[in-house]
Amino acid sequence: MSETPILEVRGLTKRFGARAAVRDVSLELWPGEVLGIVGESGSGKTTLLNCLGGRMPADAGEVLYHTGDGREVDMLALSEADRRRLLRTEWGFVHQNPRDGLRPDVSAGGNVGERLMALGQRHYGNLRDTALDWLKQVEIDADRVDDKPRAFSGGMQQRLQIARNLVTHPRVVLMDEPTGGLDVSVQARLLDLLRRLVRDVGVSVIIVTHDLGVARLLADRLIVMREGGLVESGLTDRLLDDPREPYTQLLVSSVLTV
């Protein structure tokens with residue numbers, strides 16, 4: 001593992017009126033690491049992810065990102081144009097509802113190819129070949145390449161969204177409950193796919209999940225949130241098998257509804 005984190009979050013705070021949904025959160029994400037964020041409903045984990053992904057402005061703090069060309073930039077201080085460029089190329093965001101992350105009136109192949117076009121690729125044949133390759137990787141038949149996402153099942157839409165995000169080999173991907181709302185059998189298949197693709201691409205991932213089983217399968221390390229703040233962090237197996245904080249103990253024992 002690199003000695004330098006790919007992402008450093010310092011003192012991130014987000015308020016809604018007098019309530020701090022995220023309170024002075026600091027964390028690090030290392031190259032090739034999958035970092036899980038868990039906590040009960042309303043703990044601030046999705047708000048944190050949305051602030052990191054530029055979908056919601058933070059009120060204070062820094063999000064220091066080490067870019068592919070060796071620069072350190074504060075994502076919160078970048079111009080809107082520069083932040084959007086990085087989010088389209090070096091970052092990805094997988095939504096819980098795949099319809100929020102797909103273009104419904106664009107074909108499956110077009111959804112995958114759009115991010116390649118953001119990198120300057122314009123050759124139609126190459127774009128289509130790459131889209132077909134990624135549809136195969138996420139287990140979508142090649143004859144569905146021209147179908148619109150609305151013709152797909154929920155599980156297929158989620159796999160398409162994953163292909164759309166990973167096709168550019170981003171360095172950081174944020175995932176918000178990527179298996180939420182899926183049937184158990186579909187969820188298991190998607191988890192196997194995510195584990196393989198994350199390993200093959202070598203991407204660094206922050207994943208928000210309410211499901212501790214998902215966290216155990218995917219995450220190398222976990223942080224636990226409560227009322228907007230960090231309660232505990234550690235290697236996934238250690239934290240889930242031997243939680244130190246009373247809140248984490250309750251969370252693991254399923255006394256709390258997450």
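**A mixed six-stranded sheet and its surroundings**

In this predicted model, 6 strands line up as an open sheet in the order E6-E7-E8-E3-E9-E10, and the pairing is mixed. Strand E6 (91-94) sits at one edge and strand E10 (229-235) at the other, each pairing on one side only. Going from one strand to the next, the twist averages 15°. As a reminder, strands of a sheet pair through backbone hydrogen bonds, either parallel or antiparallel.

Within the sheet, strand E3 (residues 34-38) and strand E8 (residues 204-208) go together in the parallel sense, with 4 bridges between them. Here isoleucine 37 stands opposite valine 208 of E8. Over by E6, there is a helix to look at too: helix H5 (residues 154-166) lies across E6 and strand E7 (172-176), and its direction makes an angle of about 170° with that of E6.

Now for the whole chain, which has 9 helices and 10 strands. Its radius of gyration comes out at 18 Å, close to the 18 Å that the globule rule gives for 258 residues, so the chain is as compact as a globular protein of that length. Along the principal axes, the C-alpha atoms fill a box of roughly 55 × 40 × 40 Å.

As for the contacts, take those between residues at least 6 apart in sequence: 66% of them join residues at least 24 apart. Burial covers 51% of the 258 residues, counting as buried anything under 20% relative accessible area. The chain exposes about 12,000 Å², and 46% of that area is supplied by carbon and sulfur atoms.

Terms used
Residues are numbered from 1 along each chain as its sequence is written. This is a predicted model: local features need pLDDT of at least 70, side-chain atom pairs count only at pLDDT 80 or more; totals for chains, interfaces and linings use all residues. Side-chain values use heavy atoms; hydrogens and water are left out. Two strands pair if DSSP finds at least two bridges between them. Helices (H or I, at least four residues) and strands (E, at least two) are DSSP runs, numbered from the N terminus. Axes are lines fitted to C-alpha atoms, for helices over the stretch in contact, and angles run from 0 to 180 degrees between N-to-C directions. Contact means heavy atoms within 4.5 Å. The radius of gyration is taken over C-alpha atoms; the globule rule is 2.2 Å times the number of residues to the power 0.38. Buried means under 20% relative accessible area, exposed over 50%, partly exposed in between (1.4 Å probe, protein chains only). Accessible areas come from the Shrake-Rupley method with a 1.4 Å probe; for residues, only the protein chains shown count as cover.
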